[in-house]
Each structure stands twice: as structure tokens, then as C-alpha cells.
Amino acid sequence: MDKNDMVKKLHEKSGISEDDARDALERSSWDMLDALQLLESEGKIRPLTASMTTVESASSYEQVEPSNTKKGKKDSDGWTKFVEKVKEILRASVENSLIVRRHGNVVLSVPVIILVAVAILEITPLVIAFIIGFVLECSYSIEDRKDKKDRGDGSTD
């Protein structure tokens, strides 16, 4: 948009004279928004309540993303999803138990989180305990700790 078109556009949109429009544009280095702000501060136009844009060819503009770019937001979303998944896993490991049964009776009920902690600290005794359990005809299952009635032991927490 050439300077005369800018003067006409500012004159039409703001209702000021073309001379005032040209003067404001010259003082604002031909920046339409700065000219509007200048005219508003001088009281020559009412405060803007609507937006006004200038149109130039799209090729003259470079698309710039704000500081919280999509990549940063994506990383943040990824981290949030990871934390939520860890919370979900921890919640499930507390809400569920390893149930050891022998001949239909519950012999042991251990929260899964304890089982995982023992496995991380020392796996050998855990493997030996499972082998002994199989020799003694124990059965293993992981069940929801909230629903004790389905276990067959009749106990409640």
C-alpha cells in the first residue's frame, strides 16, 4: 500500500482530514497503528473500539510464532501426559493387590506397589517365593483391593 492509499484509508476510517492523516502517518514513520494511537492520544479521534488492519501481500509478511511456541507447548503437553500416566500407574499399583491362594483360601494379599518395590530392591527372594508357591500349589492373581468380597476370604479393609 503506497503512502497516498494509507492517508486515504486513515482519513476514511478515522474521520479526520487528509492533512491530519498525512501528518500523523509522517510522525509515526508511516505505521498505521502508531498513527492511530498518536491521533487518539491527541484527542483527534475517539478511543478505538474495533480493529483496523492494513492489507499487503502475504508474501511480504513472515509468520512468527509467539514465545510459547507450538514446540514448547507440545513439550509441556508431553510432560503433563507423562506425569499423568505415572500418577495413573501409581494409583493402580496401590488399588490392586497380588493375591496368593492355596486350596481356595487367601494366604497373602500384598499391594502391587510393595511387590514392585521388593522386585526392584531384591529380585532373588521374590523369585524363590514364587517357585515355592507353585510347588505348594498356590495360585496367583492381581485383583482390585477395593472389592474384597470377590476374593473368597470375607475380610474387609
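This report describes the fold, the sheet, the helix packing and the aromatic contacts of a protein whose model is predicted.

**Overall architecture**

The protein contains 6 helices and 3 strands, and from the N terminus on these elements follow the order α-α-α-α-β-β-α-α-β. Of its 157 residues, 18% count as buried, and the exposed area comes to about 11,900 Å², of which carbon and sulfur atoms supply 56%. Among the contacts with a separation of 6 or more, 43% are accounted for by residues 24 or more positions apart.

**The helix H2 region**

Helix H2 spans residues 18-27, and its buried residues are Ala21, Ala24 and Leu25. Seen down the axis of H2, these buried residues fall within an arc of 100 degrees, so they line one face of the helix. This agrees with a general property of such elements: an α-helix has 3.6 residues a turn, so residues three or four places apart point the same way. The partners of the buried residues of H2 are helix H1 (3-14) and helix H3 (32-41), against which they pack. Just after H2, Ser29 adopts a positive phi of about 55 degrees.

**The sheet**

The strands form an open sheet of 3 strands in the order E2-E1-E3, with antiparallel pairing. Strand E2 (105-111) and strand E3 stand at the edges with a single partner strand each, so one side of each is left without a neighbour in the sheet. From one strand to the next, the twist averages 25 degrees. As for strand E1, 5 of its 7 residues are buried, so E1 is largely enclosed by the rest of the structure.

On one side, E1 (residues 96-102) is joined to E2 by 6 bridges, and the two strands run antiparallel; on the other, E1 and E3 pair in the antiparallel sense over 7 bridges. Some of the facing residues in these pairings can be named: Leu98 stands opposite Val110 in E2, Arg102 stands opposite Asn105 in E2, and Arg101 stands opposite Ser139 in E3.

The connection between E1 and E2 is a hairpin with 2 residues between the strands, and His103 in the turn has a positive phi of about 55 degrees. Gly104 is also found in the loop between E1 and E2, where it is partly exposed, with a relative accessible area of 49%. Although Gly104 and Ser139 are 35 residues apart along the chain, their C-alpha atoms are separated by 8.6 Å; Ser139 is the residue of E3 that stands opposite Arg101.

**Helices against the sheet**

Helix H5 (residues 112-121) lies across E1, E2 and E3, and runs at about 70 degrees to E2. Helix H6 also packs on the sheet, where it touches E1 and E3, and its direction makes about 115 degrees with that of E3.

Helix H4 (residues 70-95) includes Ser93, which is buried, with a relative accessible area of 10%. Leaving aside residues up to four places away in sequence, Ser93 touches Pro111, Val112 and Ile113. Of these partners, Pro111 falls within the residue range of strand E2 (105-111), whereas Val112 and Ile113 fall within that of helix H5 (residues 112-121).

**The aromatic cluster**

The structure holds 3 aromatic pairs. Phe130 and Tyr140 form a tilted pair, with 4.8 Å centre to centre and 55 degrees between the planes. Phe130 lies in helix H6 (residues 123-135) and Tyr140 in strand E3 (residues 138-144), so the pair ties together parts that are 10 residues apart in sequence. In the pair of Phe134 and Tyr140, the ring centres are 5.0 Å apart and the planes stand at 65 degrees, so the pair is edge-to-face; the cut-off for that class is an angle over 60 degrees. Phe130, Phe134 and Tyr140 form one aromatic cluster, and the accessibility of each ring-bearing residue is listed below.

| Residue | Relative accessible area | Class |
|---|---|---|
| Phe130 | 22% | partly exposed |
| Tyr140 | 24% | partly exposed |
| Phe134 | 56% | exposed |

Within the cluster, then, Phe130 and Tyr140 fall in the partly exposed class, while Phe134 counts as exposed.

Conventions
Residues are numbered from 1 along each chain as its sequence is written. This is a predicted model: local features need pLDDT of at least 70, side-chain atom pairs count only at pLDDT 80 or more; totals for chains, interfaces and linings use all residues. Side-chain values use heavy atoms; hydrogens and water are left out. Rings of Phe, Tyr and Trp (its six-membered ring) pair if their centres lie within 6.5 Å; planes under 30 degrees apart count as stacked, over 60 as edge-to-face and the rest as tilted. Helices (H or I, at least four residues) and strands (E, at least two) are DSSP runs, numbered from the N terminus. Buried means under 20% relative accessible area, exposed over 50%, partly exposed in between (1.4 Å probe, protein chains only). The arc is that of the directions from the helix axis to the C-beta atoms. Contact means heavy atoms within 4.5 Å. Accessible areas come from the Shrake-Rupley method with a 1.4 Å probe; for residues, only the protein chains shown count as cover. Two strands pair if DSSP finds at least two bridges between them. Axes are lines fitted to C-alpha atoms, for helices over the stretch in contact, and angles run from 0 to 180 degrees between N-to-C directions.
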